[in-house]
Amino acid sequence: QAADSLAAKAAAGEVLEVAAVGKNTEEGHTSPRHDEGGALALGPAHPSAPWFHILQGLTALISDARRDIRTQALDGLFSCLKNHGGTAFDQDTWQMIFRGVIAPLFDDIHYQISEDRTKGSQASEAMGPQTCLDALTALVRLFDAHMNSLSFLLPDVLTMLQSCMHHSSEAVARIGIEAFKQLVLLVGNRCSEDMWRRIGQTVLKLFNESMPVELNSRVDASSKVLPFQASKVVTQCVVQLLLIDVVREVVNQRFQHIPLPAVKLFLDALQRSFEFAAKFNQQIELRRSLKRLGFMAEMTHLPGLLKQEREGVSCYVEVLVQLQKDVREQNESLKQESASRLIQICTRLLETCATKEALLARLEENRSSGQSQQQAGQADSLEDVELEREVLGLRPIICNVVLKNLGELPAPRFKGFAQQLFPALSDLIVVEAMDIRVAVRSVFKQQYACLLDSAFVPPSRQEPS
């Protein structure tokens with residue numbers, strides 16, 4: 001009991017007086033020294049030297065099997081850093097603490113969580129996802145509290161967060177992404193252009209490295225097992241959706257603080273995500289084979305990335321529209337690129353919608369005339385089901401994202417798109433879905449009506465011979 005009491009007191013931060021005495025008794029300031037291997041270490045005469053031993057001791061207690069000791073140690077560690085780091089630590093000391101105390105702490109947490117997944121050991125249970133969540137939350141708050149002192153360590157912080165987001169455990173990956181989002185939202189209004197560039201590069205890297213590319217592994221009728229680890233691919237699919245949500249929230253809440261080159265990096269990441277998903281969704285045979293081999297076998301429909309495609313392209317359009325409404329001065333090349341991207345994706349979505357709606361209408365007509373699914377065969381039935389799912393998912397994007405945002409664009413901006421969009425919009429007038437026709441009418445009333453007195457002339461369309 002005495003040992004438990006002592007550990008609890010130490011973990012609660014009651015050893016702070018030792019650090020204060022160590023700081024006050026030093027006559028001068030000695031710069032940190034580097035060992036032969038290049039690792040940063042504090043000399044015994046350095047004013048912050050006592051802190052390093054205290055922080056290491058608290059870090060050791062975070063792996064304690066007793067929950068109360070573990071919790072108090074984590075709180076004590078980050079309380080020391082938050083409450084005293086601003087006055088006690090210089091830049092070199094902060095760097096030493098991040099690389100010698102905090103980074104090893106997260107390495108231990110990740111390792112023990114992995115051990116828990118494979119062995120279920122007691123040690124790993126002591127430092128599970130909850131400890132990871134608490135530690136990342138405290139790290140984000142620490143960076144927010146000492147933003148001016150710690151801004152140079154943003155690459156280190158982002159690396160720690162990335163290690164969580166790349167973890168094989170879905171729970172840890174979710175925790176890492178949420179911490180990353182909270183960090184950017186908290187400090188985004190104080191980030192420099194270079195910091196935003198790093199954040200944008202990190203987002204692009206995260207999208208690329210978590211892309212479930214193994215879904216495209218070759219399978220055929222002779223394949224007996226999946227060519228990939230299902231849990232890993234599922235986690236990657238979840239990460240893609242969570243990253244899209246991060247971009248959406250960050251742009252919505254911090255758009256005016258994000259430099260335009262960083263916005264472009266977000267757009268590149270989103271485009272990579274939804275284009276990959278769209279390509280995979282069109283491979284019906286591959287998806288059928290994956291289901292036969294047991295991937296997402298509990299689902300009633302074929303495994304696919306429809307949500308990733310829908311959410312990614314919706315966010316992509318929303319960000320492009322934000323750029324069109326942006327009052328900040330844009331360089332001409334970026335302005336033209338964002339406008340071109342918006343026209344291309346809107347035209348593509350509108351044309352896809354018109355094509356899919358026509359196919360669905362033909363399918364309904366065949367059904368009503370007695371051409372049943374049984375006559376078409378099971379393969380056609382699966383394709384029909386996927387067509388219906390795709391159309392039902394596409395309609396809200398067309399109505400609530402594409403057409404709604406086109407209708408709200410400033411008239412001078414829309415005028416530059418009007419002629420190119422007119423054919424695709426016209427094709428949607430005849431679709432069966434009433435909500436789409438109403439949304440198209442709204443765009444014509446809001447945007448094209450004001451162009452009737454101008455030089456706008458709808459392009460002629462040649463009928464196929």
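**Ser210 first.** I looked up what Ser210 touches in this predicted model. Leaving out residues up to four places away in sequence, I get Gln236, Val239, Gln240 and Leu243 for Ser210. Ser210 itself sits in the loop between α11 (193-209) and α12. Buried or exposed, I wondered about Ser210? Its relative accessible area is 4%, and the cut-off for buried is under 20%, so I put Ser210 down as buried. Its side chain has a polar contact with the side chain of Gln240, at 2.8 Å.

**Over to Gln240.** That contact sent me to Gln240, which lies in helix α12. I noted 0% relative accessibility here, so Gln240 goes down as buried too. Which partners does the Gln240 side chain have, apart from Ser210? I found the backbone oxygen of Phe207 at 2.9 Å, and the side chain of Ser273 in a polar contact at 2.8 Å. I then pulled the wider contact list for Gln240, skipping neighbours within four places in sequence: Leu206, Phe207, Ser210, Met211, Pro212, Ser273 and Gln308.

**Pocket.** Next I checked the largest pocket, and its volume comes out at about 300 Å³. Which elements give two or more residues to its lining? They are α12 (230-254), the helix I had just been in, and α15 (306-325). I count 18 lining residues on record for this pocket, with Cys237, Met296, Met299, Gly304 and Leu305 nearest the centre. By class, the lining splits into 12 nonpolar, 3 polar and 3 charged residues.

**Cores.** I went on to the nonpolar cores. The largest one has 123 residues, and Phe78, Leu81, Ile102, Ile398 and Tyr448 have the most contacts inside it. I picked Leu81 for a closer look. Not counting residues up to four places away in sequence, Leu81 touches Leu55, Gly86, Phe89, Trp94, Ile97, Ile102, Leu142 and His146. There is also a second, separate core of 15 residues, including Phe280, Leu290, Phe295 and Leu305. I had already met Leu305 among the residues nearest the pocket centre.

**α14.** Leu290 from that second core took me to helix α14, residues 284-292. Which residues of α14 are buried? My list reads Ile284, Leu286, Arg287, Arg288, Ser289 and Leu290, and I marked the two arginines, Arg287 and Arg288, for a second look. After α14 comes Gly294, where I read a positive phi, near 105°.

Conventions. Residues are numbered from 1 along each chain as its sequence is written. This is a predicted model: local features need pLDDT of at least 70, side-chain atom pairs count only at pLDDT 80 or more; totals for chains, interfaces and linings use all residues. Side-chain values use heavy atoms; hydrogens and water are left out. On a 1 Å grid over the protein atoms alone, a cavity is a set of points where a 1.4 Å probe fits but cannot get out, and a pocket is an open set with protein on both sides within 12 Å along at least five of seven lines; lining residues have an atom within 4 Å of a point. Grid points are joined across faces, edges and corners, and a volume is the space filled by probe spheres set on the points. Helices (H or I, at least four residues) and strands (E, at least two) are DSSP runs, numbered from the N terminus. Ala, Val, Leu, Ile, Met, Phe, Trp, Tyr, Cys and Pro count as nonpolar, Asp, Glu, Lys and Arg as charged, and the others, Gly among them, as polar. Buried means under 20% relative accessible area, exposed over 50%, partly exposed in between (1.4 Å probe, protein chains only). A polar contact is a pair of N or O atoms within 3.5 Å; within protein, one must be able to donate a hydrogen and the other to accept it, and residues adjacent in sequence count only if both atoms are side-chain atoms. Contact means heavy atoms within 4.5 Å. A nonpolar core is a set of buried Ala, Val, Leu, Ile, Met, Phe, Trp, Tyr and Cys residues joined through side-chain atoms within 4.5 Å.
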